[in-house]
Every structure is written in C-alpha cells, then in structure tokens.
Protein chains: 2
Amino acid sequence: MSTIAIAVNAAISAGAYLMTVRMIPRLRDMFIKANLFGRDLCKKDKPQVPESYGVIIGCVFLISMFLFIPIPFTFDENAATDAVTGGKPLTFPHDKFVELIAALLSICCMIFLGFADDVLDLRWRHKLLLPTIATLPLLMVYYVNYNSTTVMMPNFARALFGTSVNIGIFYYVFMGSLAVFCTNAINILAGINGLEVGQSLIIAGSVLLFNFIELSLGHQVESHQFSIHFMLPFLATSLALWKFNRYPSQVFVGDTYCYFAGMTFAVVGILGHFSKTLLLFFLPQILNFLYSTPQLFHFVPCPRHRLPKYDQKSDLLHISTTEFRLDELNSLGRLMVKVLRTLRLVSWQEHADGRIVTNNLTLINFVLVIFGPVHERVATQMLMGFQVLSTLLALFIRYPLANYFYARET
Amino acid sequence: MSTIAIAVNAAISAGAYLMTVRMIPRLRDMFIKANLFGRDLCKKDKPQVPESYGVIIGCVFLISMFLFIPIPFTFDENAATDAVTGGKPLTFPHDKFVELIAALLSICCMIFLGFADDVLDLRWRHKLLLPTIATLPLLMVYYVNYNSTTVMMPNFARALFGTSVNIGIFYYVFMGSLAVFCTNAINILAGINGLEVGQSLIIAGSVLLFNFIELSLGHQVESHQFSIHFMLPFLATSLALWKFNRYPSQVFVGDTYCYFAGMTFAVVGILGHFSKTLLLFFLPQILNFLYSTPQLFHFVPCPRHRLPKYDQKSDLLHISTTEFRLDELNSLGRLMVKVLRTLRLVSWQEHADGRIVTNNLTLINFVLVIFGPVHERVATQMLMGFQVLSTLLALFIRYPLANYFYARET
Ligand SMILES: [Mg+2]
Ligand SMILES: [Mg+2]
C-alpha cells in the first residue's frame, strides 16, 4: 500500500533530521581544517564560517533514500514476488523502479559535482555543463523507458497544432534546460544568511502541498507519490540545515547545497510530470534571473560580488552599486538601463561628469531599493515571504486559471 | 547485437582516453589553488604534486557511461520498442537496465565519498562506513530484483550441504564486505609513484581477459558483457591517468581514485557473478592486507606513514622501520612478530637494550627486504609484475583446478 510507503519515508526523514541536527555542529573543525570556510561579510566581526555544508545534507539525504529504495516495492501488491517461481510478476513496476534509481543517480552526481565546484572553484561555463552532465542519466532512462515527447497544447493552440504535439528532441533539450535553470537559479538568489535554504524549504513545502492536493484529487497518483518520496527527506534535512544556516549563520551551505536542491526539484518536476507547475513555484528565481541578465551577460558592468553593502554602525544592509557611463554601454545595454529606469526598477544617481550609479541587479538589492535599508534577517524574511506569495499565485494559476487554458484531462 | 554494444563502448572509451589525456595537464593550477597537493617525498627536491586527480578520471568515466546507457538496449532485439503500441515488449531486460543504473549509482556515490575523504580527511572508521553506504543501492537493487542468496557448494561439501545453500542475509554481508575490501585494499597498497593506477590497470586487464574467455566459452554471456561495459572505459581513463601518474609522478590520484577503482571492481564482481574469481585477482592486495594486520590493528606500533625511506644520495628506496620492545606488545602481538621472524618475512634488528627494529609491514617494504634497496620505478614494476603473476595463478586456479572442486555447470 502506497500510504505505508509514505509513512515509512516520513519516519526515515524524521530520523534523517535528528541525525543531521546532531552531525552539523560536530563537523565544524573538519571543514575549517580542510580550508572550507568563508568570512561572513555582513557582520561586525566578519566571523569565519565553515562552508559547503550542503555536502553533509546531501550525504544524509542519499543514505535515507538508499534505505528507502526497496520500500515502495515491498508494500506494493503488484510487485509481490511470485511465491511459487520466486520471480517478479508481470505487473512489477519496472519503470518506477528504474526511475527511482536514475533519479538518485542524477542527484548523487549533482551533489558530487557541486562539491567539486566548491572545492576546485570551477569556471562559469562549467556551471552550465555540470547540471547537464548530471541530468544525462535521467534523460537516458527517459529515452529508454518512454521516449514519449508529446506535449499537451493549450485550448487556443489546438486549432493550429491539435491536442498534443510531438516535439521530439526539444523535449530532451527542455528537460536538460530545466535542470540547468533550477540548479543555477537557486545559486544566484543567494548571499545573505539563510536565503538559499529558506527559499528551498518553501519550494519543497509548495511541491509537497501540490502533491498532496493532486493525490487527494486522484490525479496521476504514482507521479505525485514519487515526488513525495523525494521531497520529505529533502525537507527534513534542509530543516536541520536551516537551524544552523539562518541568521546569524553558523554554517554556510555552498554551491553543493544549491545544486543539490535545484537538481532534486528538477528531478521530481520531470519524472513527476509537473515541470510547468514547478516553474510557477520558481517565480522569484525567474524574476531574479531576468533582473540579473543585464549584468550576467555583461551589458552592464558586473562586479565580482553583488551582495548588499553592510553598514556596521546601523547593522543594516544597504544596496551595493555598479557604476558606468551611458556611452560605455552598447545600444542594447543602454536600452536595458533606460527601460529599468523608466519602470523605476533601479536606483539611479547621475553625476555631473556623466557617471551613473545604480544598484546591482539582484532581487536582494531590489528589495532594498523598495523598502530602504533593512536588517539582514528581515531581508531574508521578506524574500521568503515573496516566495510564499508566489506559491499562492502559482496554485491560483494552476487550479482555477488552468481550466481556462487546458481542457480537463480525465 | 551485443557485439555492437561492446564496439560502441570501446569507441566511447577511446574518446574518453583522448579527452582525459588532454584535460589532466590543463587542470594542474586548479588543484594547486584549491590546496589539493602533496609533496613527493621520494624525490630529491620534494616537488609539489597536485593530488586527488581521481576526481577527474571518475568524472570522465561517469560521463562515458552515462552516454553509453541506452546503447545495450538500442541494439538488443529483445528490447526493441513495439512499433504498434510504442510500449516496451515483455522481453525487455528490465533487470539488466536497473542493474546498469544501480551500478553507476554505487560508483558515482563512491567517487563522491572518496573525494569528500580527500578534501575533508575523514577518520579511519569512515573508511569502512563509506563503501558500505555506496554499496547500499546495489544491495537494495539485488534485494528487489533477485533476492537469490544461494551459493554453489564445492564437491567435497555437497554431501553435507547439498549442491547449493541459501545463506540469506550473509550473502548481503558478503557483498558489502567485498566492496569494503576492494576499496580499501587498493588504498593501502599505495604510496610509491604509479602503484595505485598500475595495479588497477592489471586487475582491470585481468578481469577483461577473464570476461572475454568466458564469452568465448559461452558462459553467462550477459554477465560478462555487463562487466566489459564497465571495464573498458575504466581501463581507458586509467591508462590516461597512468601516463601522468607513473614515475616520476606529475599528478597524484588520491583516495578518490582508489575508492573509485575498488568500487568498480566490486560492482562488476557482484553483478557479473564472479566475485570469487575477482578475489583471486586481488591476491597481492590480500597478502598486503594480511601482512599489514599486526600494524593496522595496533598489535605492533604503526607510524603515521609507512612509506619506504628515500635515500637522496643513491636515489634508492630503503625499508622504513618501526621500533618496539617485546615486553610492550601483548601476547598476540608477540606471537605475530615471532611467527613473522621465524618465517623470515621481516627484517629484524635487536639492540642491546632490548629495542627491536623491523620493517613496516607493507608489501612494498617486503619487496625491499627481499631484494634490497631498489629504485622507486623498479619497486612499482616489481609489484606490478607480482600482480601479473597473481593473475596467471588465478586463471590456473579458475580453469584447470576449479574442475576438481566444482562440478561443471552447463
Ligand atoms: Mg563555486
Ligand atoms: Mg584521506
């Protein structure tokens, strides 16, 4: 019975939480000795904080999932071993089994590559390559298992394309891109205490809420159970990390955690067949990415760090800025900053000599532009609040609105 | 057709070799900057050598295998997708598919944990824990897929036990122990230039030779094909590493490589159903382990490093030593050193005050006890030569001798 599998998964997750909470403080010295630490620049004394704790969370997550592997098949009557022949019955859900293992392979590979990035400090182009590598097993399994690459069309497009369209190779490109996007999106909405874990907790909670709603509606039961099996241990280990990573951070999570979280979301989105809904939950990350594009693609000068500036006297975060002259930018860059200025989406300071000073284009700085200098803890809370609002919006789009655009699948 | 799959695998392996050979020298600075380097103590100028290159080899191996995933099923007529329904045929080899993915999961997990060990410098007890964790997916898949835990009995035992005996849980303990043994056995027969990779190359070559012999005899064709699919890319990437790791080493391989190699061997041994033959190929490692036990379990004092001593003047390696007084040892320790001395397996120097000086108990030092001081390159060659002799012995035991002990399976 599937409810038993979820219950066992919840019990393993609880154990994982307790184990992680005990482990985290004990391993501090090991990380410092291994040169894995950073300075927390937004504190008065700029303390040394051990970095890359995502590797611990990832390990505990993997062990939990390894132990869980046989559970869904032990409690599934379709999978029961034939008592006479000792063989697998014809109803054995082989596809589910291999999906579970392939999903773990992709996640394990991403944790490994994330940790390698933290240690070896890979270059920017690798940030796109690594998640692509890690998604390969998933795509290969999808290819062998289904190779079904048709997508449902919205109502208004059905006259043109029919109910569904086979998009072939582009479906694989889409899946690969989703993994690249999810892993990097969390990694660039980061930098103040607790934000990486905070946003991941809310996304994981949103995915779980969505899975349970769909389960209760009886939609695609297996896919949503599959997602729950990954999200519960992810939520549990992330909660344990949150205890130590929230303001004031005792540990930093590193690229390892961002990659691990992003890949886990991508995996459940792809194999759970709800990648569109998943993207709705990533609204703040999408906005942050779009807002960042002028700097990420160097239309506007991008300093190495775009973190807010810490003011020691007031203990508040202020916007950090970038400086340029309009005539230094190419025409596309000039257009971008003019649009941003007209829409009042950036701070704007024009000096007599033509130098222009604007905030660095990150969602964190944007919050500070709107609300003025705030405390670091408050900045994280505001962004997490925005993440919650996005989830509510996503569920609104997904349920009442989607019915306008898609005919009900029954 | 299975021959096509092997040919494609060989082509991918050749590509992997070329890629690795190009990558290794380029990444040197990245490793040095990340603090991943060691001093080569057996050279005059004690040069700085980048460490943990196993992580690169492991990555290339994983990418090669990820790309290979669909191949065996694309060229297998049993696996051909039904042209009418688009579904999988009943003959689709689901068990082979999930074994391939699970094997990759175990190997990927071990590379990750090995790299974590290199970076974080984990404690001794973890060296036993990590391979156990990494074997979990394999054991879980074995449990779900077969849960067949019967072993064939040798002829002389059949009267007592029957042709085969179900050993239940002990079969899993055996598989877990095999992984723990293989990973650590390579890790402790190490320390002079090229030895880790050299022995792994010969073991991989031996496994491949054995697989092809069995294939030509038509024995358990699928299992041996499975093994070949892993051994070819492993051999190719290791050959590329050997080019830079052999005397004088330009790069060190780290625990990462030893764990990766050991786990890959364990995986093909377990899933290829030739774990007993595999252990025969590990004879030098087994002897090294047995010879080391008095020091590993602290019956005899064990210095932190047991490497041979480098003599700068002659450029030769001499034995390194440990010192103790007989009355400091417990009775079991005294028995061990007496046996070793009587069998002339150690150097023995007794001082007037009762202090005894013997060589450190490693196979490398043993070679130096027997042959006297030799050059580092020669020491590696001698140990690799011994590895080749072990393979010949293993094949002799496996083929002519085994017929005495096991009835022919047809
Ligand atoms: Mg990095
Ligand atoms: Mg180590």
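**Exercise 1. Sort the lining of the largest cavity in this predicted model by residue class: how many residues are nonpolar, polar and charged?**

*Solution.*
Step 1. Start with the list. The residues around the largest cavity are B:Y171, B:F174, B:M175, B:G269, B:I270, B:H273 and B:S275.

Step 2. Put each one in its class. You should end up with four nonpolar residues, three polar ones and no charged ones. If your polar count came out low, check where you put glycine: Gly is grouped with the polar residues here.

Step 3. Map the lining onto secondary structure. Two elements of chain B, α8 (169-188) and α11 (254-271), each give two or more residues to this lining. The top contributor is α8(B), with three residues.

Step 4. Add the volume. The largest cavity holds about 40 Å³ of space, and the whole structure has four cavities of 30 Å³ or more.

**Exercise 2. Work out what chain B and chain A bring to their interface: which residue class dominates on the chain B side, and how many salt bridges are there?**

*Solution.*
Step 1. Get the scale. Chain A puts 44 residues into the contact, and chain B also puts in 44. Together the chains bury about 4,200 Å², with 86% of that area coming from carbon and sulfur atoms.

Step 2. Look for polar links. The salt bridge count between chain B and chain A is zero. Polar contacts across the interface also come to zero residue pairs, with both residues required to be at pLDDT 80 or more.

Step 3. Find the elements on the chain B side. At least two residues each come from α2 (28-33), α3 (54-68), α4 (71-74), α5 (94-120) and α6 (124-145) of chain B. Of the residues on this side, α5(B) supplies the largest share, 16.

Step 4. Count by class. The side of chain B that touches chain A has 38 nonpolar residues, against four polar and two charged. Nonpolar it is, then.

**Exercise 3. Trace the surroundings of B:H375: which residues does its side chain reach through polar atoms?**

*Solution.*
Step 1. Locate the residue. B:H375 sits in the loop that joins α15 (363-371) to α16 (376-405) in chain B.

Step 2. Follow the side chain. One polar contact, at 3.3 Å, goes to the side chain of B:D315. The B:H375 side chain also reaches the backbone nitrogen of B:R377, at 3.1 Å.

Step 3. Widen the view to contacts beyond four places in sequence. Here B:H375 touches B:Y247, B:D315 and B:L316. So B:D315 turns up again, this time as a contact within 4.5 Å.

Key. Residues numbered from 1 in each chain as written. Chains lettered and ligands numbered in written order. Predicted model: local features only at pLDDT ≥ 70, side-chain atom pairs only at ≥ 80, totals over all residues. Heavy atoms only, no water. Buried area = accessible area lost by both parts, 1.4 Å probe. Salt bridge = Lys/Arg side-chain N within 4 Å of Asp/Glu carboxyl O. Polar contact = N/O pair within 3.5 Å; in protein donor to acceptor, adjacent residues only side chain to side chain. Helix = DSSP H or I, 4+ residues; strand = E, 2+ residues; numbered from the N terminus. 1 Å grid on protein atoms, 1.4 Å probe; cavity = no way out; pocket = protein on both sides within 12 Å on 5 of 7 lines; lining within 4 Å. Points joined across faces, edges and corners; volume = space filled by probe spheres on them.
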